[in-house]
Each structure stands twice: as structure tokens, then as C-alpha cells.
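Morning, everyone. I have one structure for you today. Please have a look at the screen.

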Amino acid sequence: LDGKFFSFIGEGQLGSPRGVAISNDNMLLVADEGGHCIYAFTLDGEYVGKFGSHGSDSGQFKYPCDVAVDLYGFILVADTFNRHVQIFDKHHNYIRQFGGSAVLGCCYGIAVSSTGNIYVTDCDNEEIQMFSR
């Protein structure tokens, strides 16, 4: 690991990029907080597409701050101000969501363990919440 810079990805396309993840099919997924969407790029930086828009319906986001991918290729998005985690398949189709204001405050970070448990940072409640697969 030499840490030498070699390229930009998404220059001029992204509004407020926050979290990144690599999908099981080697796509770079970027949570764009300002754009209220998730961008997909190849690992070489070629734009593939995006999904999501501003709102609170299924598949819409309010300031998504992080993205993760589980063992099965499902994409999990920390939908910060909608206060839940949304799950999408590898083709970016909405599957379901969990959380909500009764459970989660503003969720900023998300990670998935090798056993499939989901960890979400909740800055309103000053804790990390763990959810089973």
C-alpha cells in the first residue's frame, strides 16, 4: 500500500459525496447526500448510472450519507433524514426498508459484518444500532 493518488472519479457529477462501497459485481457506489441519490461507477471511473431522488417514498432519499453491500449483493443505504435504512437489489430495485423515527434517529454510517448483521450509526441517539439480517 503506497497511497499514491492516481485518478478522480465523478468529478463535476457529484453534489455532496459521502459514503462509498464496492458492490459484489465491482461497481463503486457513492452516497450523494446533496443529490439525494446513489451513483454507480466502474472501478475505472466510468459513470454507470444512479438511483433514488429527493423525497420520503420508497426508493427516495433525504440526504443519504452512507452505503454498504451485504454478502448477497443487496445494497443498503443509510437514509439519514428519513431515519431508516433502505435495501435494494444489485439492479438498484427497491426491496424494503427498516428503522423509522421510532427506532432510528439520523443514521449516518452503515456497515455489514461477515455474518450479515447490520450496524448503523445513530447520531441523534448517540449510539450504534445493530440489526440482524
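I will go through two sheets and then the salt bridges. Keep in mind that this is a predicted model.

Let's start with the four-stranded sheet. Strands 5, 6, 7 and 8 form an open sheet in the order 5-6-7-8, and the pairing is antiparallel. Which strands stand at the edges? Strand 5 and strand 8, the latter covering 94-99. Each has a single partner strand, so one side of each is left without a neighbour in the sheet. From one strand to the next, the twist averages 20 degrees.

Now look at strand 5, residues 64-69. Strand 5 is mostly covered, with 6 of its 6 residues buried. Its antiparallel pairing with strand 6, residues 75-79, runs over 5 bridges. Within that pair, Ala 68 has Leu 76 as its bridge partner. The two strands make a hairpin, with 5 residues between them. In the turn, Gly 73 has a positive phi of about 90 degrees.

Move one strand along. Strand 6 also pairs with strand 7, residues 84-88, again antiparallel and over 5 bridges. Here Ala 78 stands opposite Val 85 of strand 7.

Next, the three-stranded sheet. This one is open too, in the order 9-10-11, with antiparallel pairing. Strand 9, at 107-112, and strand 11, at 127-131, are the edges. Each has one partner strand, so one side of each has no neighbour in the sheet. Neighbouring strands here are turned by 20 degrees against each other on average, direction ignored. Strand 9 and strand 10, residues 118-122, pair over 4 bridges. Cys 107 sits opposite Asp 122 in strand 10.

On to the charges. How many salt bridges does a search of the whole structure find? It finds 2.

Take Arg 18 and Glu 33. Their side chains meet at 2.7 Å, N to O. The pair links distant parts of the chain, 15 residues apart. Arg 18 is in strand 1, while Glu 33 is in the loop between strand 2 and strand 3. Arg 18 counts as partly exposed, because its relative accessibility is 48%. Glu 33 is at 13%, so it counts as buried.

The other joins Asp 124 to Arg 83, with the closest N and O atoms 2.9 Å apart. These two are 41 residues apart along the chain. Asp 124 lies in the loop between strand 10 and strand 11, and Arg 83 in the loop between strand 6 and strand 7. At 42% relative accessibility, Asp 124 counts as partly exposed. Arg 83, at 24%, counts as partly exposed as well.

That's my tour. Thank you.

Note on methods:
Residues numbered from 1 in each chain as written. Predicted model: local features only at pLDDT ≥ 70, side-chain atom pairs only at ≥ 80, totals over all residues. Heavy atoms only, no water. Pairing = 2+ DSSP bridges. Axes fitted to C-alpha atoms, helices over the stretch in contact; angles between N-to-C directions. Buried < 20%, exposed > 50% of the residue type's maximum accessible area, 1.4 Å probe, protein only. Salt bridge = Lys/Arg side-chain N within 4 Å of Asp/Glu carboxyl O.
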